[in-house]
Amino acid sequence: MVIAEDSAILRDGLVQLLADRGFVITDAVADADSLWRSVERERPDVAVVDIRMPPTFTDEGLRAAIELRRHYEGLGILLFSQYIETRYAAELLADDAAGIGYLLKDRVADVSDFVEALRRVASGGTALDPEVVTQLLGASRHSDSISVLSVREKEVLSLMAEGRSNAAIALALVISEGAVEKHVANIFTKFDLPVSQSDHRRVLAVLRFLDS
Amino acid sequence: MTGERAGDTGVRMRALVKEMAGVVSEKAGDRPRELARIIWHEPFAKRTWSEFWFLTIGTPLAALGLAFVLLTIGAGVVLAITFFGLAILALSIRGSRGLGGLHRQLARGLLGEEIAEPEPFVHRPGFLGWLQSALRDRTGWRSMAYVASKVPLAFLGIFVGFSMWWDAFYCITYPIWGGRGNGVAAFGIPRIVFGSGFFSGGQWGFLHGLGIFLAGILSFFAAPWAVRVVIGLDRRVMRVLLSPDPVAVRVRSLEEARAQTVDSSAAAMRRIERDLHDGTQAQLVALAMRLGMAKEKLAEDTQLDLDQVRQLVNDAHRGAKEAIIELRDLARGIHPPALDIGLEGALATLAARCTVPTSLTLDLGERPTPAIEAIAYFCVAELLANVTQHAKASRASITCTEHGGWLRVVVRDDGTGGASLSRVGSSSSGLVGLTDRVHAVDGRLGIVSPPRGPTVVTVDLPLHA
């Protein structure tokens, strides 16, 4: 794994944290160019990238992430940001939600959540920050469809949009996996969407629906 | 062209006449031979001809202009009850502006009189807006005043010029055809002098003819100067009425200063946001991370490694203290608390923290407004930073005095000089930013920095912004 973060304090902290959890960190860099060189050299499974990096401190990380995914198949990228910008999320998820993660830096404080999201991304799934999901659900024009859902179904929808698997949702809501499957099916029926198998594809389906 | 020496009235009068006559003082000097040469040369000089054309073209233009102004104002006033009156008035002013521009061009082309173009006409949107702006256009009104006053000036010029030239021609050719006419000079000034009853006719005929001839010669050589005097008057009026409106110029410079201030405050906000984001927030996230890890380790039942937890907590504590220091420095960069008490305390801290030994002298009777104190403080901070980084000085001094409503801060160092506002680099960009801030409150910043010598930077700020 490669870490790209311009703040030295945070970079060292991340390295320490992830090494402690058993990830193999091949490189820690501070800007987009070094990130490219590092990925070229090391071919990691996943890269943890800060969106704001030198030289312009706007969206270097985002640009690099989109380009890297086009170049290197199977590279998972977890993007970090101090703020959630829905526009960035939309650009990121434009083509494919597999192996993409977009988290607030605050999430790092909840160590196990962060690590779990990272593992999900590394294995090809999706990890969206709950903040992103809230914003998307709130801004959606299909608010009437959403209001038709029951409270439980809304919870399942949020967690599903984050990219979690049925098992993870069951764990988070303390219900059985079968109950989760039932809710998911109900949601997809109410939205009039086909039920897809893989977790990241259904994230895309849900988000596309919400955005349309 | 004038050599204004204060005090000597005679010299000043001479200088004034010289200016109005358009004499180039270096050329004329006071040597008679030079003077004679110029007088001999002048009627044939290019300038004389230019002025002649100026009069010839300018006068009909002036007449037309006056006709236009009178007509439109008349119509406007008559119709003022209706809406059309105002519109015509506005057109009149806009037209005057154009006419003023024409006169200006004429002066520039023929007389070489460079008068700066006033600011272009800018009007509020919509027809009513145009109307309002046109009626309020100070430059337009001033141009109209010029057009009105141009006519008497032009006619005076024509009278003087033509009368003298014509009479010169008449008088010089008098001996050829003289006597056959009435024997009286036909026109203008010489008529007054050589009218009937004086020097005319009789046995003095020959002397009379000679006198007229000589008068012609005199007139011929004096004509250019007389014309020049009249045109000089015209030029003065032009300079007053056709030049850019001082109020508008001031407004423009204030608008520029305001734009700069707005830009620099936006830039300051961005800087603060970046400092907070990269510094303090990163520290706090790292802190939360370490404590999160420690928390998880303590929650684990198996194999509790106390050493690891201790290390994490130590690192977290250290990070918290560093974050506090960074925040404090950041806050001081935004507004030092010492300034609330007064400039003296804040500057004393700056002097003490400077690595170069710095002395501070303060002599303030009246306390400036807080905004001015803040600007003075940041100026001194920036200048001392430059001294430490670039000057290689061994001593520095800050002097703060107040005089006549102005605050003067002088920062002196004995290091290598060469500080300037034009050099590219981080030090000069700080100086440029300072200058902008100082100018925004109508202050002044002066740098005296010879390459080897000591550097003295003087900042003058009004006591009350």
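This report covers the make-up of chain A, the nonpolar cores and three individual residues in a predicted model.

## Chain A overall

Chain A holds 11 helices and six strands. The chain has 212 residues, and 42% of them count as buried. Its contacts reach far along the sequence. Among those with a separation of 6 or more, 61% join residues 24 or more positions apart.

## Nonpolar cores

The largest nonpolar core has 69 residues. Six members touch the most others: A:Leu35, A:Ala47, A:Val49, A:Leu78, A:Leu79 and A:Leu92. Helix α10 of chain B, residues 246-299, supplies the largest share of this core, with eight residues. Another core lies apart from it and has 33 residues. Its members include B:Phe54, B:Leu111, B:Ile212 and B:Leu242. In soluble globular proteins, nonpolar side chains tend to be buried together.

A:Val49 shows how one such member is placed. Neighbours within four places in sequence are set aside here. A:Val49 then contacts A:Ala4, A:Leu35, A:Gly61, A:Ala64, A:Ala65, A:Ile77, A:Leu79 and A:Phe80. Two of these partners, A:Leu35 and A:Leu79, are also named among the core members that touch the most others.

## Positive phi in two loops

A:Arg43 is not a glycine, yet its phi is positive, near 45°. The residue sits in the chain A loop that links α2 (32-42) to β3 (46-50). A:Arg43 counts as exposed because 12 other C-beta atoms lie within 10 Å, and the exposed class takes in residues with 12 or fewer.

B:Asp442 also has a positive phi, about 65°, and is not a glycine. Its loop runs between α14 (426-440) and β4 (444-448) of chain B. B:Asp442 has 13 C-beta neighbours inside 10 Å, so it counts as partly exposed. The exposed class ends at 12 and the buried class starts at 20.

Both residues therefore follow a helix and precede a strand in their loops, A:Arg43 between α2 and β3 and B:Asp442 between α14 and β4.

## A long-range pair in chain B

B:Trp53 belongs to helix α4 of chain B, which spans residues 46-78. B:Trp53 is partly exposed, because 14 C-beta neighbours fall inside 10 Å. Its partner B:Leu110 is 57 residues away in sequence. In space, the C-alpha atoms of B:Trp53 and B:Leu110 are 7.5 Å apart.

Notes: Residues numbered from 1 in each chain as written. Chains lettered and ligands numbered in written order. Predicted model: local features only at pLDDT ≥ 70, side-chain atom pairs only at ≥ 80, totals over all residues. Helix = DSSP H or I, 4+ residues; strand = E, 2+ residues; numbered from the N terminus. Core = buried A, V, L, I, M, F, W, Y, C linked by C-beta atoms within 7 Å. Contact = placed C-beta atoms within 7 Å.
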